[in-house]
Amino acid sequence: MGSSALVLFFIVGVFFIVIATSIAALFAPRSSNPQKLDPWECGIKPSGNAWIQFKIGYYLFAIIYLIFDVEVVFLVPWAVVMKKMGTVAFVEALIFLVILGIGLLYAWNKKALKWE
Amino acid sequence: MDLSNFFSIMRGEIVLAAIILILLLAEIATKDKKKIVDLAIGLFLIHTIFGFFGVGEGVLFGGMFKASPIVNLFKNILNVGVLIILFQSASWVKGKLEEHNRVSEFYILLFASLLGMYYMISAGDFLMFYIGIEMASLPVAGLAAFDIYQKRSAEAALKYIFLAAITSGISLLGISFLYSASGTIFFDELKPFMTNDSLITLGFLFFLVGLLFKISIVPFHLWTADVYEGAPIGVTSYLSVISKGAAAFILIIILFTMAKPIMELWREVIYMLSILTMFIGNIFALRQKNMKRFLAFSSIAQAGFIILGMLSGTQLGMSAVVFFIATYIFSNLGAFGVVYAIANQSGKENMDDYNGFYRTNPLLSVLMMLALFSLAGIPPVAGFFGKFFLFMSAASAGYYWLILFAVINVTISLYYYLLVVRAMFVRQNDNPIPAFKSDVYMKIGLILPAIGIFVLGLYSPIYEHINELVGMFLK
Amino acid sequence: MGAQIMFYILATVIVVFSFLAVTSRKVMRATVYLLFVLLATAGLYFIIDYNFMAGIQLIVYAGGIVALIVFAVMLTEKIGDKIESPSNMQMILAGLISIAGAGVTISVLLGHDFKQSTQNIGQNVATIGENLLNYGKDGYVLPFEVVSILLLASMIAAIVVAKRKFEN
């Protein structure tokens, strides 16, 4: 059965990672100094936390992306059976697409797609 | 599928969806945004009027969408309520134009939410119900945050969306329990499975949570006051009458059809919640100084009365609830309209600011008094008959103790409604709110609820009409 | 047998990471824990051969929604700070209520005699597509169209909330 293969794959995967890292940890030669931990060897020293406040623009893009992501989910099954079902399926998806297309136009018009 | 049949049964939904798209296109195409206000109100007025004529009845899409005369009546009641809100909020929306340049969004979101309610009320299965309830609540969160520069408006939106998400998640879990016990999501097919089985019971109780949250029944009422206070007044009145009314409509449809076999179970739940809701809503309302919070708690108490009428499970009970919701919509919109007009002109929302209001603005004061009397249930205005029919239906099922509690609550509520009336008519104030004139839209928005309060109270064929439609539905 | 072992592994992952997600006091970490929960859920769908649903779970939830949550978290002012832990009283009460709720639900679920469904519910994409576009009994074209308006409304609501000032 497919699931047995999945279990096997899982075990082998875990096994390999554990083996590989533990071998490296056991046998690799080690040397350490503070400079090794810097992101850049030259240039300005990084300061502060990497988790900083983002602009709201990212959020807007993400949510518009998400909405069209969901749209794609509905369009995949449609695309598979479109040829078989013919005009009805075409018209149904056309309504769906036009409604969301107007939404995209709106977002565009409101300059929600523009980076400020 | 017959296309003409389709257009006749689902006309309201199609027209409303078309209005949304027209407004969206108008927003994209035009620079003159002030016209959109008139366009939106005009289109919705036409939609409301035509809603009363010739919408068909029947079942579409294999039972997912159901329209019957009583469901069409529900939609018409909601339409009238939304129309009044549109009139009342017109000048506020126009004011937002200069500030934020956002006008059409208000209407688009409002109509999208209303469309969700249509589908929720007409749903024949849990899928449409769930999409409807989500569509009814998501845009409202955007509306609650419409005053984007005010922190409390954003806070209101956040509180609403979080709690709505949690409760609708619990509701969805309940639906999945019902599905796993029966293998169907259609209300009609589910009915034979509704027994005292523990999984069905638990699933049904979980499912109720989502609706009880919308009606703000007591364990799920905590969001009400904060959201009502923070949101713009138009949105607050939408939440307190339209959202609540729609949820109560679908609750009564589900309780009286699908859940009829387990009536003994939900009766006990509703009985306890009704008493709790009335008492807690009223006791907290006593202490409020802000008018929006005050009306929020009074609307919680009213919700207790709404579910009280469902207890009998008979035709009388359902007609009483429908009639009560109609009177409640008009009365509450009347009260909110006056609060709205005052806040628009002076920015004042506290009860103390209303002292001496009768001297300067007698007409508004009288309307406020009417609306509050109707909410309290004083004859001969509509609210009295609404409460009277509710108590009759509860009495017919033998709930005498409950009626005693309800009467105690009516007395408490009368006291605090009279506090406002006393502030306006009796109390003196050195610098009362000065006399002002509202614009045409606001005037219409204030006259309509006044007419509604009188007509529903004095013209009895309306109740008989409702009773007849309910009788047809329950057969 | 293999499916059962896999199920228990995934279920453990889901339970452990859900618990971590709600108890972690750094928001960003909680988000990453949530990602693992969603991925493991996709694994459950793979076990029952429901590949389309698993794909959706990966694309929409693990891909889209987690990205959105990450951006939303990055909007907050003090991402790195620990969230204040609730008082002991709150913890105890919330814990008791959660245990009681979980206990009731689990006992009801275990006590119920579930029946194997006889309906042939299509799992491949073509069957899903046919059902989605069908307008008769067992057709889902109405929700399909209504969802488009729901998506439209949520997009507009998001723009209204996120965009401070509209220019013309």
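**Helix contacts between chains A, B and C**

Helix 2 of chain A meets helix 6 of chain C through a set of residues on each side. Chain A supplies Ile56(A), Tyr59(A), Leu60(A), Ile63(A), Ile64(A), Ile67(A), Val70(A), Glu71(A) and Phe74(A). Chain C supplies Phe144(C), Leu151(C), Ser154(C), Met155(C), Ala158(C), Ile159(C) and Ala162(C). By class, this contact has 14 nonpolar, one polar and one charged residues. The model is predicted.

The geometry of this pair was computed next. Helix 2 of chain A covers residues 56-85, and helix 6 of chain C covers residues 141-162. The two helices pack at an angle of about 175°, with their axes 10 Å apart. An angle over 145 degrees counts as roughly antiparallel. Helix 2 of chain A and helix 6 of chain C are therefore roughly antiparallel to each other.

The wider contact between these two chains takes 44 residues from chain C and 44 residues from chain A. On the side of chain C, five elements each give two or more residues: helix 1 (2-23), helix 2 (27-47), helix 3 (51-75), helix 5 (125-133) and helix 6. Helix 6 of chain C gives the most, with 13 residues. The side of chain C that touches chain A has 33 nonpolar, six polar and five charged residues.

Chain C also touches chain B. Here 35 residues come from chain B and 29 residues from chain C. On the side of chain B, two or more residues come from each of helix 5 (104-122), helix 6 (126-144), helix 7 (151-182) and helix 9 (198-215). Helix 6 of chain B gives the most to this side, with nine residues. By class, the side of chain B that touches chain C has 24 nonpolar, seven polar and four charged residues.

Helix 20 of chain B was examined on its own. This helix runs over residues 461-474 and has 14 residues. Helix 20 reaches 20 Å from its first C-alpha to its last. That span is close to the 20 Å expected at 1.5 Å a residue. Its buried residues are Ile466(B), Leu469(B) and Val470(B). Seen down the axis of helix 20, these buried residues fall within an arc of 100°, so they line one face of the helix. In an α-helix there are 3.6 residues a turn, so residues three or four places apart point the same way. The face of helix 20 turned away from the buried side carries the exposed residues Pro461(B) and Glu464(B).

Key: Residues are numbered from 1 along each chain as its sequence is written. Chains are lettered from A and ligands numbered from 1 in the order in which they are written. This is a predicted model: local features need pLDDT of at least 70, side-chain atom pairs count only at pLDDT 80 or more; totals for chains, interfaces and linings use all residues. Two residues are in contact if their C-beta atoms, placed from the backbone, lie within 7 Å. Helices (H or I, at least four residues) and strands (E, at least two) are DSSP runs, numbered from the N terminus. Ala, Val, Leu, Ile, Met, Phe, Trp, Tyr, Cys and Pro count as nonpolar, Asp, Glu, Lys and Arg as charged, and the others, Gly among them, as polar. Axes are lines fitted to C-alpha atoms, for helices over the stretch in contact, and angles run from 0 to 180 degrees between N-to-C directions. Angles under 35 degrees count as roughly parallel, over 145 as roughly antiparallel, 65 to 115 as roughly perpendicular and the rest as oblique. The expected span of a helix is 1.5 Å times one less than its number of residues. A residue is buried if 20 or more other C-beta atoms lie within 10 Å of its own, exposed if 12 or fewer, and partly exposed in between; C-beta atoms are placed from the backbone. The arc is that of the directions from the helix axis to the C-beta atoms.
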